[in-house]
Amino acid sequence: MSIISSNIEPQQYKIWFDPIKPVSLVDSSLTVEVPSQFFCEYLEESYLELIKATLKRVLGNDAKLFFRIYPVEGRKAITYSSSEGIARSNKPIAVGSFNNNVNPGAFVYPGLQPIRIETNLNPEYNFRTMVEGNCNKLALSAAKHIATSPGNNPYNPLFIFGGSGVGKTHLAQAIGNAVKEKLPEKIVLYVNGNDFKLQYMEAVNDLNKLPEFLSFYMKIDVLIIDDVHDLRGQGSQKALFTIFNHFHQNGKQLVFTSDRTPAELHNFEERLLSRFKWGLSVELQRPDYATRLEMLRMKSLANGVNLEEDVLEFLAAKIKSNFRELEGTLMSLIAHATLLHQDVTLELARKVTDNLVDENSNEFTLETVQNTVCRYFNITREELVAKSRKRQIVQARQIAMYLSRNLLSNCSLATIGAEIGGKDHATVLHSCNTVQDLIATDKIFRKYVSDLESILASSAN
């Protein structure tokens, strides 16, 4: 295990490899026990190459690994705080007067120099409390790169967009917290788009404050504007344009979040929209099943509660919309158990989610997914489940497996395979990985998947 532990994050090792129990070693065949079928499938999906390389190194080329399922036993709850303590403060800065050549500070009253600018960052929004998955991998990678060299990277500005509750604010603030941790001398500010607009309006109502407003923002090294789509006023957009140019010319970092892409921002100045596109625009998508499950594990442990695997799997399958709803349901479940002095059981989880989640929302069946894929590609279900190797049918079959894996409640890889031509779970896993790779590299294929997800989402509403 030392080889594996040295190649992955300690927290990941603790979650996925600590529970494994060795059973027997006969010649080059190793048998181990794992808590559940999902546990086994996740290991194969996420760590197969690492496990194969380790076994080959330790047991030789003929090494084989066999899994055996054992029931999850009650373990003492692990408690750790999700908070990183007190939010890091910016250093005090000196403020002079504003002129065309020097850019000092803003919202400053005479005689109050130097001043301290509050970061407005929530210390709990950091990279350590984020779960990485297919939904946010690119954005998270870019964010971590920015945190190591703010302003000196290809992602300036970073424009993060996506629906409600998918983690935009968390990721944006994680950048700020990481910068303050690694580069404490940097001045970091997080501000909501609506607050920025209100500050601007306050400044223009006092003729002596507008220069101070501009110079205040020009003192910042890393500026994070959340919900930038709220900046619909022409004046506040002009102010942001001026600040943007100063940041770019002086190697300072800008991060924006929005509920839509730059191209979909209406009533915005074209010159400002063009600048939003200078760096990297990246979407945060709805979390898939594996990411939802990992998020639940992290949040439950952070609250000192060790939930049974069947409860976690049920919640991850039931709540599909976003992280916010997922966390809210988990907190409600823990609160019910605490107030009622009950254990958190699968039965209690069903009762709580019945009150919080619409039974008819986002619920699909294997048949629904397969029929939708068949209609989209204009093929029959018989062709889909047959052994045809025609490219279009193979792609349709792989997409059907991928969508079933991501959208269906309590549906294992083995079940999906059995219903699509008697494939085994390894074949389904390979198909899902192939689709994920093609989504990242093939624009046309990505459109196929996106179209089908939209069709299925519409049919569920």
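Trainee: What does the accessible surface of the protein chain come to, and how much of it belongs to carbon and sulfur atoms?

Mentor: In this predicted model, the accessible surface of the protein chain comes to about 22700 Å², and 49% of that surface belongs to carbon and sulfur atoms. The secondary structure of the chain comes to 19 helices and 8 strands, and of its 461 residues, 49% count as buried.

Trainee: Why does Lys299 count as buried?

Mentor: The cut-off for buried is under 20% relative accessible area, and Lys299 has 16% relative accessibility, so Lys299 counts as buried. Lys299 is found in helix H10, which covers residues 289–302.

Trainee: With which residues is Lys299 in contact, once its neighbours within four places in sequence are left aside?

Mentor: Lys299 is then in contact with Glu327 and Leu330, where contact means that heavy atoms lie within 4.5 Å. For the protein chain, among contacts between residues at least 6 apart in sequence, 74% join residues at least 24 apart.

Trainee: Let us turn to the sheet. What makes E1 and E3 the edges of the sheet?

Mentor: The open sheet is formed by 3 strands in the order E1-E2-E3. Strand E1 (21–26) and strand E3 (64–69) each have a single partner strand, so one side of each is left without a neighbour in the sheet, and that is what places them at the edges. On average, neighbouring strands of this sheet are turned by 20 degrees against each other, with direction ignored.

Trainee: Why is the pairing in this sheet called mixed?

Mentor: The pairing is mixed, as the two pairs of strands show. E1 and E2 pair in the antiparallel sense over 5 bridges, whereas E2, residues 29–34, pairs with E3 in the parallel sense over 6 bridges. Two strands count as paired if there are at least two bridges between them, so 5 bridges for E1 and E2 meet that requirement, and so do 6 bridges for E2 and E3.

Trainee: Which residues stand opposite each other or are bridge partners in these pairs?

Mentor: Ser24 stands opposite Thr31 in E2, while the bridge partner of Ser29 in E3 is Lys64. The hairpin of E1 and E2 has 2 residues between the strands, and in this hairpin Asp27 takes a positive phi near 55 degrees.

Trainee: What makes E1 a strand that is hardly covered?

Mentor: A residue must have under 20% relative accessible area to count as buried, and among the 6 residues of E1 the count of buried residues is 0, so E1 is described as hardly covered.

Conventions:
Residues numbered from 1 in each chain as written. Predicted model: local features only at pLDDT ≥ 70, side-chain atom pairs only at ≥ 80, totals over all residues. Heavy atoms only, no water. Helix = DSSP H or I, 4+ residues; strand = E, 2+ residues; numbered from the N terminus. Axes fitted to C-alpha atoms, helices over the stretch in contact; angles between N-to-C directions. Buried < 20%, exposed > 50% of the residue type's maximum accessible area, 1.4 Å probe, protein only. Areas by Shrake-Rupley, 256 points an atom, 1.4 Å probe, with all protein chains shown as cover.
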